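Please read the following walk through a protein chain with the model open beside the text. The account goes from the overall make-up to the strands, then to the turns and one loop.

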Amino acid sequence: MDVAEVDLFFLSYDHCSIIMIEFSFTCPYCWENQLKLVDPSESSQAFIEDCETCCNPISFYFKISDNIIVQSDVVSIEQ
Ligand SMILES: [Zn+2]
């Protein structure tokens, strides 16, 4: 996984100092470039979410260290 390709930056600081990481990815179904907000307070997270464009289920996996995504996986769900 080439982390240099991951375009991320700190999006916002609210009053509780919660930082969300903005993660850009390409849908494995429709190849639409999209953004996802990732909560860095959980160092490892995996979840499935539908693509906002084509509604197909996408499997996300993030590994986060010091508010930086050190590993990411965005894959289609094999039926
Ligand atoms: Zn899609």
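Which residue in β6 is the bridge partner of I64? The partner is I69, and the paragraphs below place this pair in its sheet. The model is predicted, so local features are given only at pLDDT of at least 70 and side-chain atom pairs only at pLDDT 80 or more, while totals for chains, interfaces and linings use all residues. Residue numbers start from 1 along each chain as its sequence is written.

The chain holds 0 helices and 6 strands. Helices (H or I, at least four residues) and strands (E, at least two) are DSSP runs, numbered from the N terminus. Read from that end, the order of elements is β-β-β-β-β-β. Burial is low in number: 4% of the 79 residues count as buried. Here a residue is buried if 20 or more other C-beta atoms lie within 10 Å of its own, exposed if 12 or fewer, and partly exposed in between, with C-beta atoms placed from the backbone. Of the contacts between residues at least 6 apart in sequence, 32% link residues at least 24 apart. A contact requires that the C-beta atoms of two residues, placed from the backbone, lie within 7 Å.

Now to the sheet. Three strands, in the order β4-β5-β6, make an open sheet with antiparallel pairing. Its edge strands are β4 and β6, each of which pairs on one side only. Neighbouring strands in this sheet are turned by 20° against each other on average, direction ignored; the axes behind this angle are lines fitted to C-alpha atoms, for helices over the stretch in contact, and angles run from 0 to 180 degrees between N-to-C directions. Strands count as paired if DSSP finds at least two bridges between them. In general, strands of a sheet pair through backbone hydrogen bonds, either parallel or antiparallel.

Strand β4 covers residues 44-50, and none of its 7 residues is buried, the count being 0. β4 pairs with strand β5 (residues 57-65) in the antiparallel sense over 7 bridges. Within this pairing, A46 stands opposite Y61 in β5, and I48 stands opposite S59 in β5. On the other side, 8 antiparallel bridges join β5 to β6. I69 belongs to β6, which spans residues 68-76. I69 counts as partly exposed because 17 other C-beta atoms lie within 10 Å. The C-alpha atoms of I69 and S44 are 9.6 Å apart, although 25 residues separate the two in sequence.

Two hairpins connect these strands. β4 and β5 form a hairpin with 6 residues between them. C55 lies in the loop between β4 and β5 and has a positive phi of about 65° although it is not a glycine. C55 is exposed because 9 C-beta neighbours lie inside 10 Å. The hairpin of β5 and β6 has 2 residues between its strands. D66 lies in the loop between β5 and β6, and D66 too is not a glycine but has a positive phi, of about 50°. D66 counts as exposed because 7 other C-beta atoms are within 10 Å. As background, most residues other than glycine have a negative phi, and most peptide bonds are trans.

What remains is a loop earlier in the chain. C27 lies in the loop between β2 (19-26) and β3 (33-38). Is C27 partly exposed or buried? C27 is partly exposed because 17 C-beta neighbours lie inside 10 Å. Leaving aside neighbours within four places in sequence, C27 is in contact with E32, Q34, C51, T53, C54 and I58. The C-alpha atoms of C27 and E52 are separated by 9.3 Å, with the two residues 25 apart along the chain.
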